[in-house]
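Reader: I should be grateful for a close look at a single part of this protein. Please treat that part in detail and then place it among its surroundings.

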Amino acid sequence: MKIIETIDELRAQVKEWRKEGFRVGLVPTMGYLHEGHKSLIDRAVAENDRVVVSDFVNPMQFGPSEDLASYPRDLDKDAKLCEEAGAHVIFHPEASEMYHEDFSSFVDMNTLTKGLCGKTRPIHFRGVCTVLTKLFHIVGADRAYFGQKDAQQLAVVKHMVQDLNFDMEIIGCPIIREEDGLAKSSRNTYLSSEERQAALVLSKSLKVGKQMLEAGERNCKKILREVSAIIEKEPLAKIDYVEIVSWPNLLPVEEVEGQILLAMAVYVGKTRLIDNIIF
Ligand code: AMP
(Lines give C-alpha, C1' and ligand atoms only; values in the text may rest on other atoms or scores of the structure.)
Protein backbone atom coordinates (compact mmCIF):
# COMPACT_ATOMS: atom_id res chain seq x y z
CA MET A 1 0.00 0.00 0.00
CA LYS A 2 1.25 3.46 -0.92
CA ILE A 3 0.83 6.75 0.88
CA ILE A 4 0.47 9.47 -1.75
CA GLU A 5 0.63 13.16 -0.85
CA THR A 6 0.31 14.93 -4.19
CA ILE A 7 -2.51 15.22 -6.70
CA ASP A 8 -0.16 14.60 -9.64
CA GLU A 9 1.12 11.36 -8.21
CA LEU A 10 -2.36 10.10 -7.41
CA ARG A 11 -3.58 10.96 -10.92
CA ALA A 12 -0.62 9.11 -12.46
CA GLN A 13 -1.34 6.07 -10.29
CA VAL A 14 -5.03 5.98 -11.25
CA LYS A 15 -4.07 6.37 -14.93
CA GLU A 16 -1.89 3.25 -14.62
CA TRP A 17 -4.78 1.34 -13.06
CA ARG A 18 -7.13 2.48 -15.81
CA LYS A 19 -4.73 1.10 -18.44
CA GLU A 20 -5.11 -2.28 -16.73
CA GLY A 21 -8.90 -1.92 -16.87
CA PHE A 22 -9.18 -1.83 -13.05
CA ARG A 23 -12.34 -0.56 -11.35
CA VAL A 24 -11.51 2.04 -8.73
CA GLY A 25 -13.28 2.65 -5.41
CA LEU A 26 -12.85 5.75 -3.24
CA VAL A 27 -13.44 6.06 0.51
CA PRO A 28 -13.28 9.72 1.60
CA THR A 29 -12.37 10.17 5.29
CA MET A 30 -10.84 12.67 7.68
CA GLY A 31 -8.61 9.98 9.15
CA TYR A 32 -8.27 8.69 12.72
CA LEU A 33 -9.84 5.58 11.28
CA HIS A 34 -11.99 3.13 13.23
CA GLU A 35 -14.26 0.15 12.54
CA GLY A 36 -16.87 2.42 10.94
CA HIS A 37 -14.38 3.58 8.30
CA LYS A 38 -13.09 0.02 7.98
CA SER A 39 -16.56 -1.23 7.05
CA LEU A 40 -16.54 1.22 4.12
CA ILE A 41 -13.04 0.17 3.06
CA ASP A 42 -13.98 -3.54 3.31
CA ARG A 43 -16.96 -2.98 1.04
CA ALA A 44 -14.86 -0.94 -1.42
CA VAL A 45 -12.20 -3.66 -1.52
CA ALA A 46 -14.87 -6.30 -2.14
CA GLU A 47 -16.45 -4.36 -5.02
CA ASN A 48 -13.44 -2.81 -6.83
CA ASP A 49 -10.00 -3.83 -8.10
CA ARG A 50 -8.22 -0.86 -6.54
CA VAL A 51 -9.19 1.27 -3.55
CA VAL A 52 -8.11 4.79 -2.57
CA VAL A 53 -8.77 5.98 0.98
CA SER A 54 -8.47 9.73 1.26
CA ASP A 55 -7.29 10.83 4.70
CA PHE A 56 -7.64 14.60 4.85
CA VAL A 57 -8.94 16.85 7.62
CA ASN A 58 -10.64 19.32 5.31
CA PRO A 59 -10.32 22.82 6.82
CA MET A 60 -13.07 24.17 4.55
CA GLN A 61 -15.82 22.21 6.28
CA PHE A 62 -15.02 23.50 9.79
CA GLY A 63 -16.59 26.68 11.15
CA PRO A 64 -14.40 29.25 12.96
CA SER A 65 -15.36 27.99 16.43
CA GLU A 66 -15.16 24.29 15.58
CA ASP A 67 -12.54 21.64 16.36
CA LEU A 68 -10.22 21.84 13.29
CA ALA A 69 -7.03 22.32 15.35
CA SER A 70 -7.83 19.59 17.89
CA TYR A 71 -9.29 17.07 15.42
CA PRO A 72 -7.45 13.76 16.17
CA ARG A 73 -4.83 12.59 13.67
CA ASP A 74 -2.73 9.40 13.49
CA LEU A 75 -1.47 8.56 10.01
CA ASP A 76 0.61 5.54 11.14
CA LYS A 77 -2.41 3.88 12.73
CA ASP A 78 -4.57 4.77 9.71
CA ALA A 79 -2.00 3.25 7.34
CA LYS A 80 -1.99 0.01 9.31
CA LEU A 81 -5.79 -0.24 9.25
CA CYS A 82 -5.93 0.51 5.50
CA GLU A 83 -3.19 -1.97 4.70
CA GLU A 84 -4.86 -4.71 6.72
CA ALA A 85 -8.19 -3.98 5.04
CA GLY A 86 -6.57 -4.33 1.61
CA ALA A 87 -6.70 -0.71 0.40
CA HIS A 88 -4.10 0.21 -2.23
CA VAL A 89 -3.48 3.90 -1.65
CA ILE A 90 -3.95 6.40 1.15
CA PHE A 91 -4.22 9.90 -0.26
CA HIS A 92 -2.92 12.21 2.46
CA PRO A 93 -2.41 15.71 1.04
CA GLU A 94 -1.40 18.85 2.94
CA ALA A 95 -4.13 21.52 3.00
CA SER A 96 -1.91 23.63 0.70
CA GLU A 97 -1.94 20.81 -1.89
CA MET A 98 -5.75 20.85 -1.99
CA TYR A 99 -6.24 24.62 -1.70
CA HIS A 100 -3.71 26.85 -3.38
CA GLU A 101 -3.28 30.40 -2.12
CA ASP A 102 -5.88 32.07 -4.35
CA PHE A 103 -8.41 29.23 -4.27
CA SER A 104 -11.86 30.73 -4.86
CA SER A 105 -14.27 28.20 -6.40
CA PHE A 106 -16.90 26.43 -4.36
CA VAL A 107 -19.64 23.85 -4.81
CA ASP A 108 -22.79 24.43 -2.77
CA MET A 109 -26.38 23.29 -2.71
CA ASN A 110 -29.60 25.21 -2.06
CA THR A 111 -31.72 22.38 -0.74
CA LEU A 112 -30.75 19.58 1.68
CA THR A 113 -27.96 21.58 3.34
CA LYS A 114 -30.03 24.19 5.17
CA GLY A 115 -31.71 22.02 7.83
CA LEU A 116 -30.41 19.53 10.42
CA CYS A 117 -26.62 20.02 10.79
CA GLY A 118 -26.72 22.91 8.31
CA LYS A 119 -28.57 25.08 10.84
CA THR A 120 -25.70 25.25 13.32
CA ARG A 121 -22.95 24.51 10.76
CA PRO A 122 -23.85 26.96 7.97
CA ILE A 123 -20.66 26.56 5.90
CA HIS A 124 -20.11 22.86 6.56
CA PHE A 125 -21.75 21.36 3.48
CA ARG A 126 -20.18 23.89 1.14
CA GLY A 127 -16.82 22.62 2.40
CA VAL A 128 -17.92 19.01 2.06
CA CYS A 129 -19.30 19.44 -1.48
CA THR A 130 -16.21 21.35 -2.59
CA VAL A 131 -13.67 18.87 -1.25
CA LEU A 132 -15.64 15.88 -2.56
CA THR A 133 -15.94 17.46 -6.01
CA LYS A 134 -12.17 17.86 -6.01
CA LEU A 135 -11.59 14.30 -4.82
CA PHE A 136 -14.06 12.91 -7.35
CA HIS A 137 -12.25 14.77 -10.16
CA ILE A 138 -8.79 13.80 -8.94
CA VAL A 139 -9.54 10.10 -8.46
CA GLY A 140 -12.23 9.59 -11.11
CA ALA A 141 -13.48 6.57 -9.17
CA ASP A 142 -16.26 4.26 -10.32
CA ARG A 143 -17.76 4.17 -6.83
CA ALA A 144 -17.43 6.15 -3.64
CA TYR A 145 -18.44 4.87 -0.20
CA PHE A 146 -20.15 6.87 2.56
CA GLY A 147 -21.55 5.97 5.97
CA GLN A 148 -25.18 6.44 6.98
CA LYS A 149 -23.66 7.77 10.22
CA ASP A 150 -23.52 11.12 8.38
CA ALA A 151 -26.96 10.66 6.83
CA GLN A 152 -27.38 14.26 5.71
CA GLN A 153 -23.97 14.14 4.04
CA LEU A 154 -24.95 10.92 2.26
CA ALA A 155 -28.16 12.53 0.94
CA VAL A 156 -26.26 15.67 -0.11
CA VAL A 157 -23.54 13.73 -1.95
CA LYS A 158 -26.03 11.54 -3.80
CA HIS A 159 -27.92 14.65 -4.85
CA MET A 160 -24.77 16.50 -5.92
CA VAL A 161 -23.57 13.58 -8.03
CA GLN A 162 -26.92 13.52 -9.79
CA ASP A 163 -27.11 17.32 -10.24
CA LEU A 164 -23.56 17.64 -11.58
CA ASN A 165 -23.44 14.41 -13.63
CA PHE A 166 -20.51 12.76 -11.93
CA ASP A 167 -20.14 9.42 -13.66
CA MET A 168 -19.91 7.43 -10.46
CA GLU A 169 -22.01 5.49 -8.01
CA ILE A 170 -22.46 6.59 -4.40
CA ILE A 171 -22.79 3.67 -2.00
CA GLY A 172 -24.30 4.19 1.46
CA CYS A 173 -23.14 1.85 4.24
CA PRO A 174 -24.77 1.07 7.63
CA ILE A 175 -23.72 2.67 10.94
CA ILE A 176 -21.15 0.67 12.91
CA ARG A 177 -21.62 0.88 16.68
CA GLU A 178 -19.74 0.00 19.85
CA GLU A 179 -21.17 -3.01 21.68
CA ASP A 180 -23.17 -0.75 23.97
CA GLY A 181 -24.74 1.10 21.03
CA LEU A 182 -22.62 4.27 20.75
CA ALA A 183 -22.01 5.02 17.07
CA LYS A 184 -18.28 4.82 16.34
CA SER A 185 -16.77 8.23 15.68
CA SER A 186 -13.32 9.80 15.62
CA ARG A 187 -14.77 12.44 17.97
CA ASN A 188 -15.57 9.84 20.68
CA THR A 189 -11.93 10.19 21.65
CA TYR A 190 -12.75 13.63 23.12
CA LEU A 191 -15.11 12.08 25.70
CA SER A 192 -14.13 11.62 29.37
CA SER A 193 -15.27 8.31 30.87
CA GLU A 194 -18.26 10.06 32.46
CA GLU A 195 -19.17 11.67 29.12
CA ARG A 196 -18.66 8.36 27.30
CA GLN A 197 -21.36 6.87 29.55
CA ALA A 198 -23.65 9.88 29.06
CA ALA A 199 -23.20 9.63 25.26
CA LEU A 200 -25.27 6.45 25.31
CA VAL A 201 -28.41 8.63 25.44
CA LEU A 202 -28.14 9.13 21.69
CA SER A 203 -28.47 5.47 20.71
CA LYS A 204 -30.81 4.71 23.65
CA SER A 205 -33.24 7.46 22.68
CA LEU A 206 -33.12 6.44 19.01
CA LYS A 207 -33.96 2.91 20.07
CA VAL A 208 -37.07 4.17 21.84
CA GLY A 209 -38.00 6.18 18.73
CA LYS A 210 -37.58 3.06 16.62
CA GLN A 211 -39.71 1.03 19.00
CA MET A 212 -42.49 3.63 18.77
CA LEU A 213 -42.30 3.56 14.97
CA GLU A 214 -42.35 -0.22 14.93
CA ALA A 215 -45.37 -0.21 17.22
CA GLY A 216 -47.19 1.92 14.63
CA GLU A 217 -46.82 5.45 16.04
CA ARG A 218 -46.93 7.88 13.11
CA ASN A 219 -47.16 11.25 14.85
CA CYS A 220 -43.73 12.86 14.63
CA LYS A 221 -44.32 15.34 17.47
CA LYS A 222 -45.12 12.50 19.87
CA ILE A 223 -42.05 10.54 18.86
CA LEU A 224 -39.79 13.58 19.08
CA ARG A 225 -41.19 14.49 22.52
CA GLU A 226 -40.35 11.02 23.90
CA VAL A 227 -36.92 10.91 22.29
CA SER A 228 -35.99 14.43 23.44
CA ALA A 229 -37.21 13.73 26.99
CA ILE A 230 -34.75 10.85 27.30
CA ILE A 231 -31.85 13.06 26.22
CA GLU A 232 -32.95 15.94 28.46
CA LYS A 233 -32.80 13.64 31.50
CA GLU A 234 -29.03 13.26 31.00
CA PRO A 235 -27.33 16.22 32.74
CA LEU A 236 -24.19 16.10 30.56
CA ALA A 237 -26.17 16.15 27.30
CA LYS A 238 -27.53 19.19 25.48
CA ILE A 239 -29.65 18.86 22.34
CA ASP A 240 -28.55 20.71 19.19
CA TYR A 241 -31.45 19.19 17.23
CA VAL A 242 -33.68 16.13 17.18
CA GLU A 243 -35.74 15.94 14.02
CA ILE A 244 -37.76 13.68 11.77
CA VAL A 245 -37.54 14.45 8.05
CA SER A 246 -38.35 12.56 4.88
CA TRP A 247 -35.57 10.35 3.49
CA PRO A 248 -33.70 11.09 1.27
CA ASN A 249 -35.29 14.50 0.53
CA LEU A 250 -34.88 15.79 4.11
CA LEU A 251 -38.22 17.64 4.05
CA PRO A 252 -40.24 18.32 7.22
CA VAL A 253 -42.86 15.68 8.05
CA GLU A 254 -45.67 15.68 10.60
CA GLU A 255 -47.01 12.18 10.05
CA VAL A 256 -44.64 9.36 9.14
CA GLU A 257 -45.26 8.20 5.62
CA GLY A 258 -42.72 6.45 3.40
CA GLN A 259 -39.08 6.49 4.49
CA ILE A 260 -38.06 8.88 7.26
CA LEU A 261 -34.82 9.91 8.91
CA LEU A 262 -34.86 10.38 12.67
CA ALA A 263 -31.65 12.33 13.23
CA MET A 264 -30.01 14.11 16.14
CA ALA A 265 -26.98 16.17 17.10
CA VAL A 266 -26.29 16.33 20.82
CA TYR A 267 -23.50 18.00 22.76
CA VAL A 268 -22.05 15.73 25.42
CA GLY A 269 -19.88 18.11 27.39
CA LYS A 270 -18.17 20.10 24.64
CA THR A 271 -18.29 17.28 22.07
CA ARG A 272 -20.97 17.40 19.41
CA LEU A 273 -22.12 13.89 18.47
CA ILE A 274 -24.55 12.85 15.73
CA ASP A 275 -26.60 9.70 15.26
CA ASN A 276 -29.71 8.61 13.38
CA ILE A 277 -31.97 5.85 12.18
CA ILE A 278 -33.69 5.51 8.82
CA PHE A 279 -37.14 3.87 9.10
P1 AMP B 1 -15.19 11.04 8.76
O2 AMP B 1 -13.78 10.59 8.82
O3 AMP B 1 -15.83 11.20 10.09
O4 AMP B 1 -15.39 12.22 7.84
O5 AMP B 1 -16.01 9.86 8.08
C6 AMP B 1 -15.64 9.34 6.83
C7 AMP B 1 -16.71 8.41 6.36
O8 AMP B 1 -16.86 7.33 7.29
C9 AMP B 1 -18.09 9.08 6.24
O10 AMP B 1 -18.74 8.60 5.08
C11 AMP B 1 -18.79 8.60 7.49
O12 AMP B 1 -20.19 8.56 7.38
C13 AMP B 1 -18.22 7.22 7.65
N14 AMP B 1 -18.35 6.77 9.04
C15 AMP B 1 -17.89 7.41 10.15
N16 AMP B 1 -18.27 6.75 11.26
C17 AMP B 1 -19.00 5.70 10.85
C18 AMP B 1 -19.69 4.64 11.52
N19 AMP B 1 -19.71 4.54 12.84
N20 AMP B 1 -20.34 3.72 10.78
C21 AMP B 1 -20.33 3.81 9.42
N22 AMP B 1 -19.71 4.77 8.72
C23 AMP B 1 -19.05 5.70 9.43
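Which residue is the bridge partner of Ile244 in β8?

Author: In this predicted model, the bridge partner of Ile244 is Leu262, a residue of β8. The pairing belongs to a longer ladder, since nine bridges join β7 to β8 and the two strands run antiparallel. Strand β7 covers residues 237-246, and β8 covers residues 260-268.

Strand β8 also pairs with β9, again in the antiparallel sense, and here there are eight bridges. Within this second ladder, Leu261 of β8 has Ile278 of β9 as its bridge partner. Strand β8 is thus joined to β7 by nine bridges and to β9 by eight. Eight of the nine residues of β8 are buried, so the strand is largely enclosed by the rest of the structure.

The connection from β8 to β9 is a hairpin with two residues between the strands. Gly269 lies in the turn and has a positive phi of about 60°. Lys270 is also found in the loop between β8 and β9. With a relative accessible area of 82%, Lys270 is exposed, because that value is over the 50% limit. The C-alpha atom of Lys270 is separated by 8.6 Å from that of Leu191, although the two residues are 79 apart along the chain.

On the β7 side, Lys238 is a residue of the strand and is exposed, with a relative accessible area of 56%. Lys238 and Tyr267 are 29 residues apart in sequence, yet their C-alpha atoms are 5.0 Å apart in space.

The loop between β7 and β8 contains Pro248. A cis peptide bond joins Trp247 and Pro248, with omega at about 5°. Most residues other than glycine have a negative phi, and most peptide bonds are trans. Two leucines depart from the first of these tendencies: phi is near 65° in Leu112 and near 45° in Leu116. Leu112 is in the loop between α4 (95-98) and α5 (117-120), and Leu116 is placed in the loop between α4 and α5 as well. Leu112 counts as buried at 13% relative accessibility, and Leu116 is buried with a relative accessible area of 4%.

Ile244, with which this answer began, also has a place in the second largest pocket. Rolling a probe the size of a water molecule over the atoms shows where empty space is left. The second largest pocket has a volume of about 290 Å³. Its lining is made by 18 residues, and those nearest its centre are Glu243, Ile244, Val245, Pro252 and Val253. The elements that give two or more residues to this lining are α10 (220-232) and β7. By type, the lining residues divide into nine nonpolar, four polar and five charged. Domain 1 (2-173) and domain 2 (186-272) each supply at least three residues to the lining of this pocket.

Since domain 1 also contributes to the pocket, one of the strands within its bounds may be set beside β8. Strand β5 (residues 143-147) is mostly covered, with five of its five residues buried. In a regular strand the side chains alternate between the two faces of the sheet. In β5, Arg143, Tyr145 and Gly147 point one way, whereas Ala144 and Phe146 point the other way.

The neighbours of β5 pair with it in the parallel sense. Strand β2 (residues 24-29) is joined to β5 over two bridges, in a parallel arrangement, and Leu26 has Ala144 of β5 as its bridge partner. Strand β6 (residues 169-173) also pairs with β5 in the parallel sense, over five bridges. Phe146 stands opposite Gly172 of β6. Helix α7 (residues 151-163) completes the arrangement, in that β5, α7 and β6 make a right-handed β-α-β unit.

To return to the part requested, the Ile244 and Leu262 pair belongs to strands that run antiparallel, and Ile244 is also among the residues nearest the centre of the second largest pocket.

Methods
Residues are numbered from 1 along each chain as its sequence is written. This is a predicted model: local features need pLDDT of at least 70, side-chain atom pairs count only at pLDDT 80 or more; totals for chains, interfaces and linings use all residues. Side-chain values use heavy atoms; hydrogens and water are left out. On a 1 Å grid over the protein atoms alone, a cavity is a set of points where a 1.4 Å probe fits but cannot get out, and a pocket is an open set with protein on both sides within 12 Å along at least five of seven lines; lining residues have an atom within 4 Å of a point. Grid points are joined across faces, edges and corners, and a volume is the space filled by probe spheres set on the points. Helices (H or I, at least four residues) and strands (E, at least two) are DSSP runs, numbered from the N terminus. Ala, Val, Leu, Ile, Met, Phe, Trp, Tyr, Cys and Pro count as nonpolar, Asp, Glu, Lys and Arg as charged, and the others, Gly among them, as polar. Domain bounds come from an automatic or database domain assignment. Buried means under 20% relative accessible area, exposed over 50%, partly exposed in between (1.4 Å probe, protein chains only). Two strands pair if DSSP finds at least two bridges between them. A crossover is right-handed if, with the strands pointing away from the viewer, the path from the first strand over the helix to the second runs clockwise.
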